[in-house]
Amino acid sequence: RRSARCPGRRGAPGDARLRVVGMWALSLLSLSLLPTRGFVSVPPRPHPCHHRVIRTTDADPLLGLFDDRRSDVDDDDEGQQRDESSTWMVPAQMLIDKATDDPQRSISFSIFMAFCGAMLGPFLDSYHSLFGVLAYDTPLTFPILGSGGDILQCVTTYWVPPLFGLAGFLIGWLYIWLDEVFDVEDVVAPPKVLLGIAFFTLQYWLSGVLYANGVDRSSILSIMSALAAFGFYALDGTWSGFLTSTATALGGPLIEVGLISSLPPDIGYHYTDSGELGFFPLWILPVYFLGGPANGNLARAFWDRLGGGENSQGKNSQDRVIPCDVCNGTRVTSCPNCDGQGSYVTYGERVRCTACRGKGVVICRSCFNDYGDIDASDIEAVRRFMDRIPD
């Protein structure tokens, strides 16, 4: 059967559509077998009407982290059994805390990710335009190499950079958020970031080359899925990365369905091979999938650098152990506000401890100054350090 939109190209047989879809589903399923981090439990949200006041003193600003004592009302409830599962924040609150702990860092991160997406995305998408995978109704052409772009040029349209910028912003924040949910502390070196972008670019380019040379859909799907699986395993391998990449592989094509269906003819676009489902060939899904690790490692590197390299510094300082009779070299002690439980009962409701932020431990004041890696007056820096301490 010949494609109605691309005469001369042979599509997958009609009776093999389910097999092709199944092939992609199996490749996604195989990724879930890769070594990953564990899941976390999610507690009920704290009572919205409960507010606590943390007292601080000028003499020791660290007291503001955990010197909040429970009111007399809590004494009546101390005998109740504490539910350890309630020591975890709900994922939505984790995202809010991550974004609001350092607003300047969050804003800079968002701008960087959106800018990189808007700059790199159209060049990658141009491979598909140049190799005939898709066509814009009103293309914009920018020469890159050669006279008038006869060696290499970028073919896009005006709404493509903002769309890729939005994708970079969303993928970046998904990684940072889910890394917090799954307690991933991946310090990504610049070479790994560049390797991920280069491998993603190679996959994008290769998909266009294979299509331009008449390779059938099923073969391209198999090759792209293998590259996506290998790239994810080599460059990421975390649950946060897998979920973000899967969301990208499903959400991206769904957005394309909306664009192809709704854009006016003068600013729209179409795939020259409408594929198995009438919009695009299914091999575009694993191409989207590999965009997860490429953007995700870039996001991790940006986030770490904007925080002053806190992840790498945190690892170095955590590797250094100074003897301490109070914490035995762990740098943390049981939270005195919640007796190390991470939560307590007040007014008949179990709430997350605001002193230790649900972790059940606070930084050890006895050996704090001996390490000298954190400014005692910078409460946010102390909190960021505690966020990196395993529970």
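**Close-up views of a predicted model**

**View 1. Thr272 sits in a loop, tucked between a strand and a helix in the sequence.** Let's start small: Thr272 is found in the loop between strand S4 (269–271) and helix H10 (284–306). Keep in mind that this is a predicted model. How buried is Thr272? Its relative accessible area is 14%, under the 20% limit, so Thr272 counts as buried. Look for its partner too: a polar atom of the Thr272 side chain lies 2.5 Å from the backbone oxygen of Gly132.

**View 2. Here is the whole chain, before we zoom in again.** The chain has 391 residues, and 48% of them count as buried. Its secondary structure comes to 13 helices and eight strands. What share of the contacts joins residues at least 24 apart, if we look at contacts between residues at least 6 apart in sequence? That share is 74%. On the outside, the accessible surface comes to about 19,000 Å², and 61% of it belongs to carbon and sulfur atoms.

**View 3. Lys98 and Glu180 pair up across two helices.** Side chains of opposite charge can pair when their charged atoms come close. A search of the whole structure finds five salt bridges, and one of them is formed by Lys98 and Glu180. The closest N and O atoms of this pair are 3.0 Å apart. This pair links distant parts of the chain, with Lys98 in helix H4 (residues 91–100) and Glu180 in helix H6 (residues 160–181), 82 residues apart. Are these two residues buried or exposed? Lys98 has a relative accessible area of 19%, which is under 20%, so Lys98 is buried. Glu180 comes to 24%, between the 20% and 50% limits, so Glu180 counts as partly exposed.

**View 4. Asp179 and Arg300 bring helices H6 and H10 into the picture.** Asp179 forms a salt bridge with Arg300, and their closest N and O atoms are 2.8 Å apart. Asp179 belongs to helix H6 and Arg300 to helix H10, so to speak two distant parts of the chain, 121 residues apart, linked by one pair. Both Asp179 and Arg300 are buried. Which residues are linked with them in a network of salt bridges? The network is made up of Asp179, Asp236 and Arg300.

**View 5. Arg217 reaches Asp273 in a loop.** The closest N and O atoms of Arg217 and Asp273 are 2.7 Å apart, and the two residues form a salt bridge. Arg217 lies in helix H8 (residues 217–235) and Asp273 in the loop between S4 and H10, so this pair ties together parts that are 56 residues apart in sequence. Arg217 is buried, and Asp273 is buried as well.

**View 6. Time to look at some empty space inside the model.** Rolling a probe the size of a water molecule over the atoms shows where empty space is left. How many cavities of 30 Å³ or more does a search of the whole structure find? There are four. The second largest cavity has a volume of about 90 Å³. It is lined by 11 residues, and the closest to its centre are Ala355, Cys356, Arg357, Arg383 and Met386. Strand S8 (361–363) and helix H13 (379–387) are the elements that give two or more residues to this lining.

**View 7. Ala355, one of those lining residues, gets its own close-up.** Ala355 is found in the loop between strand S7 (349–352) and S8. Its relative accessibility is 7%, under the 20% limit, so Ala355 counts as buried. From C-alpha to C-alpha, Ala355 and Asn337 are 6.7 Å apart in space, while in sequence they are 18 residues apart.

**View 8. Asp101 meets Arg357.** Find Asp101 in the loop between H4 and helix H5 (103–130). At 24% relative accessibility, Asp101 counts as partly exposed. Leaving aside residues up to four places away in sequence, Asp101 touches Arg357, Glu380 and Asp387. With Arg357 there is a polar contact between the two side chains (3.0 Å). Asp101 and Ala381 are 280 residues apart along the chain, yet their C-alpha atoms are separated by 9.8 Å.

**View 9. Last stop: Pro91 and Trp177.** Pro91 has its place in helix H4, and at 25% relative accessibility Pro91 counts as partly exposed. Pro91 and Trp177 are 86 residues apart in sequence, but their C-alpha atoms are 8.1 Å apart in space.

Conventions. Residues numbered from 1 in each chain as written. Predicted model: local features only at pLDDT ≥ 70, side-chain atom pairs only at ≥ 80, totals over all residues. Heavy atoms only, no water. Helix = DSSP H or I, 4+ residues; strand = E, 2+ residues; numbered from the N terminus. Buried < 20%, exposed > 50% of the residue type's maximum accessible area, 1.4 Å probe, protein only. Polar contact = N/O pair within 3.5 Å; in protein donor to acceptor, adjacent residues only side chain to side chain. Salt bridge = Lys/Arg side-chain N within 4 Å of Asp/Glu carboxyl O. Contact = heavy atoms within 4.5 Å. Areas by Shrake-Rupley, 256 points an atom, 1.4 Å probe, with all protein chains shown as cover. 1 Å grid on protein atoms, 1.4 Å probe; cavity = no way out; pocket = protein on both sides within 12 Å on 5 of 7 lines; lining within 4 Å. Points joined across faces, edges and corners; volume = space filled by probe spheres on them.
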